[in-house]
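I opened this one up to see what sits inside and what sits outside. These are my notes, in the order I looked things up.

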Amino acid sequence: MSFSCGCCRTLGQVLFEYDTPRIVSIKSRKVGLINRLVQLGILAYVIGWVFVWQKGYQQFDLVISSVTTKVKGVAVTNTTDQGVKIWDVADYIIPPQEESSFFVMTNLIMTLNQQQGRCPEMPEDSPHCISDSNCTAGSQSPRSNGIQTGKCVSAHNSTSVHTCEVLAWCPLENDVDLSHHPALLKDAEQFTVLIKNNIRYPKFNFTKRNILPHINSSYLKQCVFNRVTDPDCPVFRLGDIVREAGEDFQEIAVEGGVMGIQIKWDCDLDQSVSRCVPQYTFRRLDNKDVQNTVAPGYNFRFAKYYKGLGEVESRTLIKAYGIRFDVMVFGKAGKFDIIPTMINIGSGLALLGVATVLCDVIVLHILKKKHFYREKKYKYVEDYDLDEESLSSKGTPTGRRLFVQLSV
């Protein structure tokens, strides 16, 4: 019963109390200095970081872009199986067009004159066999090159090693050792690529492209990107891209890799649109780990089909190694807007209250005179309900007390 009464009294005090601010001026150099320093720090944060650095007075929009590329360059090779051969764009750009990327073949393993027939499986792709009982007709696996016929035959170019015979495109590809080192198309380092990038900020209805207004046709035909002399030229030498990423082109060309071309558009639309220009950076995207050399580089296979002697379907199988260049566009634009400006101003003014809270903590809990300051800060006023019938001759009021706390 007493517990219930205590709860009721506490609830009544909370419901029927009123706090009103009270201004207390404290003549203290220490407290005043702390207060001004905190206020100065908050002002520096709001003005310097929010408005100057983060441009808190602007509304922002993210970039939307499209990218097209065009590679140019010619290479010449001289091999024992093909002799002298000229390679142009149609030979080494596979496929001809991709979305925001392009692949340049720099090395290859070519298997000529393949026809469908029977041939021994490669020893590296299949377990060795001793007799036909080790081979199952119709059997296949993801690592095999064809379907087993059920016969055990001598492996290619070997009489001591036997493997299962398969139905496949024969002769089979031998990709155990990459024979072309350095890369077959080592001249690809001098190839160039024209990158055309169109961007749009829909919120501001603003469009632009990386071929800037001052670039004309004659300049575009002879310029090559250089960070010092030609920073606005959209034509890039492949060797320069790899070099700026900190890699060696001839090394990466042997087994392939993935490079990133990053185009950054950060535009302040409150300034002249001529200052809204792209910034180019380059980096390697695939992992290069000297401690882990399993499945390095970048490669894939494709075939060129034709009709051979007797109208038999034949093909040339090519395992292409090369460098894939991914073009990545990102950025944002900002323009003055009254709404974020007022929101950040209001937030800054609200933060100034932190100085008062911090100084209150120091004054009331840390300083030696904390008890004295606490008495000056809080004042307790007791009010009485006046009753005309109970007034004394001296006018002294009597009745129920109402507790009021005045605080800052």
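My entries go from the whole chain down to single residues.

**Ground rules.** I'm working with a predicted model, where local features need pLDDT of at least 70, side-chain atom pairs count only at pLDDT 80 or more, and totals for chains, interfaces and linings use all residues. Residues are numbered from 1 along each chain as its sequence is written, and side-chain values use heavy atoms, with hydrogens and water left out.

**Whole chain.** I found nine helices and 17 strands in the protein chain. These are DSSP runs, numbered from the N terminus (helices: H or I, at least four residues; strands: E, at least two). Of the 408 residues, 35% are buried. Buried means under 20% relative accessible area, exposed means over 50%, and partly exposed is in between (1.4 Å probe, protein chains only).

**The big core.** Which residues have the most contacts inside the largest nonpolar core? I got W87, Y92, V104, M105, Y201, L238 and F325, in a core of 49 residues. A nonpolar core is a set of buried Ala, Val, Leu, Ile, Met, Phe, Trp, Tyr and Cys residues joined through side-chain atoms within 4.5 Å. Elements that each supply at least two residues of this core include β6 (101-120), β15 (313-336) and α5 (238-244). I then picked Y92: not counting residues up to four places away in sequence, Y92 touches ten-odd neighbours I could click through, among them W87, F103, M105 and F191. A contact here is heavy atoms within 4.5 Å.

**A second core.** Apart from the largest core lies another, of seven residues, among them V31, C359, L364 and L367.

**Helix α8.** I looked at α8 (residues 353-365) next: this helix has 13 residues and reaches 18 Å from its first C-alpha to its last, close to the 18 Å expected at 1.5 Å a residue. The expected span is 1.5 Å times one less than the number of residues. In α8, I noted A355, C359, I362, V363 and L364 as buried. What covers the buried residues of α8 includes α2 (29-53), α7 (338-351) and α9 (370-377).

**K221.** Is K221 buried or exposed? K221 is exposed, because its relative accessible area is 76%. I found K221 in helix α4 (residues 217-222). The C-alpha atoms of K221 and V235 are separated by 8.8 Å, with their positions 14 residues apart along the chain counted as the step from one to the other.

**I338.** I placed I338 in helix α7. I338 counts as partly exposed, because its relative accessible area is 48%.
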